[in-house]
Amino acid sequence: MPELPLFTQLSYLVAAALFVLSLKWLSAPPTARRGVIAGEIGMALAIIGTLLLPEIENYRWIAITLLVGTIVGIPLAYLMPMTHVPQRTALSHSFGGLAVGLVGTAKYYLWTMEEPARLTHFTTGVICFEVLLGFLTFTGSLMAFGKLQELLPTRPVVYRGQNLVNLSLLAIAVVIAIYLTIYPLSSWLFPALIALALLFGILLILPIGGADMPTVIALLNSYAGLSASAMGFVLENKLLIIAGALDGSSGFILSIIMCRAMNRSFTNVLFGAFGQAVVTQTNSEERTVRSASPEEAADILLSASRVAIIPGYGMAVAQAQHKVRELFDQLTRRGIEVKFGIHPVAGRMPGHMNVLLAEADIPYDRLLEMEEINAELPHTDVALIIGANDVVNPAARNDHSSPIYGMPIIDADKARTVMVIKRSMNPGFAGIENPLYHMDKTLMLFGDAKSFLGEIVKAVAVQKS
């Protein structure tokens, strides 16, 4: 490969540094915006530096693809609400996986026909790795998108011997990849590798339920990054190797964090044997619940000294974060200490609640992680839960028969009074009944989160401090 132009080398160097800084800054809410900007600038520099390479002679198809990508990407960014971030992420991964797989396929056949000497054992092995991960990421991410968007059944699809079938297909694909690595010009086997990768991606996601899909998306993100890094070796592009490695490692770390937060074994994630739906049997005996009006909820909040607000998916769906900010302002003006408890996977993705609350300008120092808020909840007067279900379910602590037993939760039930804003008594995303709603200290606030919070804010505003 000829030496890169000076500007391209410099743009790649700066872009690599910005990618590293972007990941560092994205790890904390106060610096997250800076991280996004750094990543965008880095990617722009990488694209510009690549477009100035002397071997690019015709920009027509590049311009067309950039235009098509822009036409597709802008609506995806603006039309999909924040609650659809997981499926939007899955769709982006599918496009990335497809691109990687197609580039690897094109390079293999191009070199087979024109430059067979370039297909060394190492290069062919990397191409096989790239194509295998790229195409399974493509179909796997499409399946994840379909399940989260409810275009496909969200329940797990299982059958006897499923893991054996899946692992057998993967083993055959690996054997083909090894054979191609040893005999690089055996091009007749390459389509079989592609077909097995595409099929394995589909079968990998079938047994996984919708509640566990965000964890799978994080893992697919890792696959996409690793395949992109492999593509960097094929194209002899150091920046692509760095960016892919960063993406792959961060996705891997994120999937581990989510597994711990959901009490899932990482081994089970790798083998696609988790997320089995468990139908819980509700007690035939009617269990009573106590409800309250917005005015009653306002009175309770105003009589408190410490309030913990625990947001969840219901807040995101109702787009109630700005009403939460209004309530926060009203209470803090009256000297009431208000903090927010954020579960690692509240809203189905890590950081989802942080983003929504930051959008409403909630001070970052009031957003506490699960361990921090749990230490304060026994001394908290009111825990106000807004649309969170499974992440506050005490069955995870004390019900050995519960599918979520052992999952770390926010200990909302340890507060003196618990108030839950919820549309109905239907179970949460995991389909599990929550005994918290039937406790004597719990008041159910039935209604849309945005509307109910608006009524509470009005009731608080008319009260004298």
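In this predicted model, the side chains of Arg118 and Glu236 come together in a salt bridge, with an N to O distance of 3.7 Å. The pair joins distant parts of the chain, 118 residues apart: Arg118 sits in the loop between H4 and helix H5 (121-148), and Glu236 in the loop between helix H8 (213-235) and helix H9 (238-262). Arg118 is partly exposed, with a relative accessible area of 34%, and Glu236 is likewise partly exposed, at 41%. As general background, side chains of opposite charge can pair when their charged atoms come close.

The structure holds 13 salt bridges, and two further examples are worth a look. Within helix H13, Glu326 and Lys323 lie three residues apart, about one turn of the helix, and their side chains meet in a salt bridge of 3.7 Å, N to O. Both partners count as partly exposed, Glu326 at 35% relative accessibility and Lys323 at 26%. Another salt bridge, of 3.0 Å from N to O, is formed by the side chains of Glu376 and Lys339. Glu376 belongs to helix H15 (residues 370-376) and Lys339 to strand S2, so this pair ties together parts that are 37 residues apart in sequence. Here Glu376 is partly exposed at 24% relative accessibility, whereas Lys339 is buried, with a relative accessible area of 17%. These two residues also take part in a network of salt bridges that links Arg306, Glu337, Lys339 and Glu376.

Strand S2 leads on to the sheet. Six strands make up an open, parallel sheet in the order S3-S2-S1-S4-S5-S6. Its edges are strand S3 (367-369) and strand S6 (442-446), each of which pairs on one side only. From one strand to the next, the twist averages 25 degrees. Strand S4 (residues 382-386) and strand S5 (residues 417-422) pair in the parallel sense over five bridges, with Leu384 standing opposite Met419 in S5. Helix H11 (residues 294-302) packs on this sheet, where it touches strand S1 (306-311), S4, S5 and S6, and its direction makes about 140 degrees with that of S5. Helix H13 (residues 321-333), the home of the Glu326 and Lys323 pair, packs on the sheet as well, touching S1, strand S2 (337-342) and S4, and its direction makes about 145 degrees with that of S2.

On the other side of S5, the pairing with S6 is also parallel and runs over five bridges. Met419 of S5 stands opposite Leu443 in S6. Although S6 is an edge strand, four of its five residues are buried, so S6 is largely enclosed by the rest of the structure.

Two further sites lie in the helices. Thr105, found in helix H4 (residues 85-114), is buried, with a relative accessible area of 15%. Leaving aside residues up to four places away in sequence, Thr105 touches Val131, Phe135, Phe190 and Ile194. A contrasting setting is offered by Tyr179 in helix H6 (residues 162-182), which is partly exposed, with a relative accessible area of 36%. Tyr179 contributes to a nonpolar surface patch of about 640 Å², together with Val174, Ile178, Ile182, Tyr183 and Trp188.

Notes. Residues are numbered from 1 along each chain as its sequence is written. This is a predicted model: local features need pLDDT of at least 70, side-chain atom pairs count only at pLDDT 80 or more; totals for chains, interfaces and linings use all residues. Side-chain values use heavy atoms; hydrogens and water are left out. Helices (H or I, at least four residues) and strands (E, at least two) are DSSP runs, numbered from the N terminus. Buried means under 20% relative accessible area, exposed over 50%, partly exposed in between (1.4 Å probe, protein chains only). Contact means heavy atoms within 4.5 Å. Two strands pair if DSSP finds at least two bridges between them. Axes are lines fitted to C-alpha atoms, for helices over the stretch in contact, and angles run from 0 to 180 degrees between N-to-C directions. Patches are made of residues with over 30% relative accessible area and no salt bridge: like charges are joined within 9 Å, nonpolar side chains (Val, Leu, Ile, Met, Phe, Trp, Tyr) within 5 Å. Accessible areas come from the Shrake-Rupley method with a 1.4 Å probe; for residues, only the protein chains shown count as cover. A salt bridge is a side-chain nitrogen of Lys or Arg within 4 Å of a carboxyl oxygen of Asp or Glu.
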